[in-house]
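Colleague: Hi! Could you walk me through this one before class?

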Amino acid sequence: SRYAATCPETQYVLDGTVRSSEVLLDGSDFSQFLADVDTAVVGDSQVSLPGGVVVRWSAPARPVFPGQRVRVAGELSVALGRVNPGLQSTEDHLRRRGIHTALYARGPEGVVVIERAPWWRPDHWAARLRQHLALRVAQVVPGNAEAFVLTVWLGDRSRITEDEYQRYVESGTAHILSVSGVHMSIVYVTLAYLLRMVIKPRRIRGALIICGMFLFALMAGARAASVRAAIMIAVYVLADVFDREPDAPTALSLAAIFFTVVNPDLLLDSGLQLSFLSIASILLYSDRIADAMWQVHPAFRRGISTSLSVQILPLPLAAYVFHVLPVAAPLTNLVVVPLL
C-alpha cells in the first residue's frame, strides 16, 4: 500500500497466491478475491513486493480458487471501500485480514492463472465444491430466491442488496444470513443421522462428522462464525469419542483461544463478537428462562427460551453496530429460525 501510494497512476502486474475467492456464476460481470502478492513488475523492472491485495475483477473470464498462483494486471488503490468514521466498514474488515491495497483488473486477460494449486490444500477443494454447488443452485432455484440460498448455504453475501440486508437488520433476523451456529447445527444433525445408519464404529463416525463440519465451514467462506461453530461441534464430538463429558463453556473458550492465536485482530471484529456473545447468552440464560416458563408446554418451552436468551448479551452491541433496536426480534426469530 505504501508503494502504491507513491505511484498511484502506474499500471502494475502482480504475482501472488489466491487466499480466498467468491463464487462466479455464468453471466456475472464482476468477481472479487483476496491474494497474497510476493512480486510485482513495474515498467521494465521486477521488485519484491509482499502484501495482501483484494482484486476486483470486471468482466471475469473464469473463477479462481485458493492456492492457485495468479498474475493480475491493473491499477492499485489504497482505498478499500467507503468509510463512515466511527463505524466498522469493509475497509476495517479487510485490514484485519492483512489486506491494505485494492487492484482493479479489467477483462478476461486481467487475471491469468500461472500455476495450479497444491493438491493437498483442503480450502482449494472446498472452494471448487462451493463453485459447483453455486452453479447447481443457479440452475434449479427460482431467481427471486437465488441470492438468499447462496447466502445461507454457501456464505456468498455479494448478491444480497443493501435494502434487503437492512430489512433483516430491522427485523432482528440478520444473523440467519451469516453461516453460523444455526446452519452448522442443521448440517451436523443431518450428517450424524445419515452416518449413524451406515457406520457403526463411533470413533470413525466422529472423525467423519468433524471432517464434514470443517469442510462445510471452508465451503461457506471460512468466516469467523462458521469456524467458531465448527470448533465447538468438534469439541463436543471429541468428548463423545473419548468418553468425556461435553462442556459448552469449554468448547466456546477453546474456539476463542483459537481465534486469539491465529489472528488477534479478529477480536475487534463485530461479527465475531456478536457470534460469541450469542452463544454465551444462550449458555447463561436459556435454562433460567425455560425454568421460569414452567406453564408453557415443553414442546415450545426450549425454542422460546432460546429465542429470548440469545438476544440479551448481543443486543447492546447490535444496537451500537447497526443503529437499530429490533424489539420484535424474539418473536420474529420464533418464526424465521424454524423456517430456515
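Modeller: Happy to; we will look at two helices and some salt bridges. Keep in mind that this is a predicted model.

Colleague: Let's start with α9. What distance should its 15 residues span?

Modeller: Helix α9 runs over residues 248–262, and at 1.5 Å a residue it should span 21 Å. The C-alpha atoms at its ends are 21 Å apart, so the two values agree.

Colleague: Nice. Which residues of α9 are buried?

Modeller: They are A248, A251, L252, A255 and F259. These residues cover an arc of only 100° around the axis, so they sit on the same side of α9.

Colleague: And what do those buried residues pack against?

Modeller: The buried residues of α9 pack against two other helices, α8 (224–241) and α10 (270–292).

Colleague: What about the face of α9 turned away from the buried side, which exposed residues does it carry?

Modeller: That face carries I257 and V261, which are exposed. Both also belong to a nonpolar patch on the surface, formed by L254, I257, F258, V261 and V262.

Colleague: How much accessible area does that patch have together?

Modeller: About 480 Å² for the five residues of the patch together.

Colleague: I keep seeing F258 there. Why does F258 count as partly exposed?

Modeller: F258 lies in helix α9. Its relative accessibility is 37%, and partly exposed covers the range between the buried cut-off of under 20% and the exposed cut-off of over 50%, so F258 falls into that class.

Colleague: OK, new topic: charges. How many salt bridges does the structure hold?

Modeller: There are 12 salt bridges in the structure. One of them pairs R69 with D38, with the closest N and O atoms 2.5 Å apart. This pair links distant parts of the chain: R69 is in strand β4 (residues 69–77) and D38 is in strand β2 (residues 30–42), 31 residues apart.

Colleague: Is R69 buried or exposed?

Modeller: R69 is buried, with a relative accessible area of 19%. Its partner D38 counts as partly exposed, at 27% relative accessibility.

Colleague: Which side chain meets R121 in a salt bridge?

Modeller: That is D123, at 2.7 Å from N to O. R121 counts as buried, at 19% relative accessibility.

Colleague: Any salt bridge that involves the helices?

Modeller: Yes, R202 forms one with D240, where the closest N and O atoms are 4.0 Å apart. This pair also links distant parts of the chain, with R202 in helix α7 (residues 202–219) and D240 in helix α8, 38 residues apart. Salt bridges that share partners join R202, D240 and D243 into one network.

Colleague: How accessible are R202 and D240?

Modeller: R202 is partly exposed, with a relative accessible area of 34%. D240 is partly exposed too, with 43%.

Colleague: Last stop, α12. Which of its residues are buried?

Modeller: In helix α12 (residues 314–322), the residues P314, L317 and A318 are buried. They cover an arc of only 100° around the axis, so they lie on the same side of α12. On the other side of α12, P316 and Y320 are exposed.

Colleague: What covers the buried residues of α12?

Modeller: Their cover includes α10. That helix is also one of those that the buried residues of α9 pack against.

Colleague: And what comes right after α12?

Modeller: H323 follows α12, and the phi of H323 is positive, near 60°.

Technical notes: Residues numbered from 1 in each chain as written. Predicted model: local features only at pLDDT ≥ 70, side-chain atom pairs only at ≥ 80, totals over all residues. Heavy atoms only, no water. Helix = DSSP H or I, 4+ residues; strand = E, 2+ residues; numbered from the N terminus. Expected span 1.5 Å × (residues − 1). Buried < 20%, exposed > 50% of the residue type's maximum accessible area, 1.4 Å probe, protein only. Arc of directions from axis to C-beta. Contact = heavy atoms within 4.5 Å. Patch = residues over 30% accessible without salt bridge, like charges linked within 9 Å, V, L, I, M, F, W, Y side chains within 5 Å. Areas by Shrake-Rupley, 256 points an atom, 1.4 Å probe, with all protein chains shown as cover.
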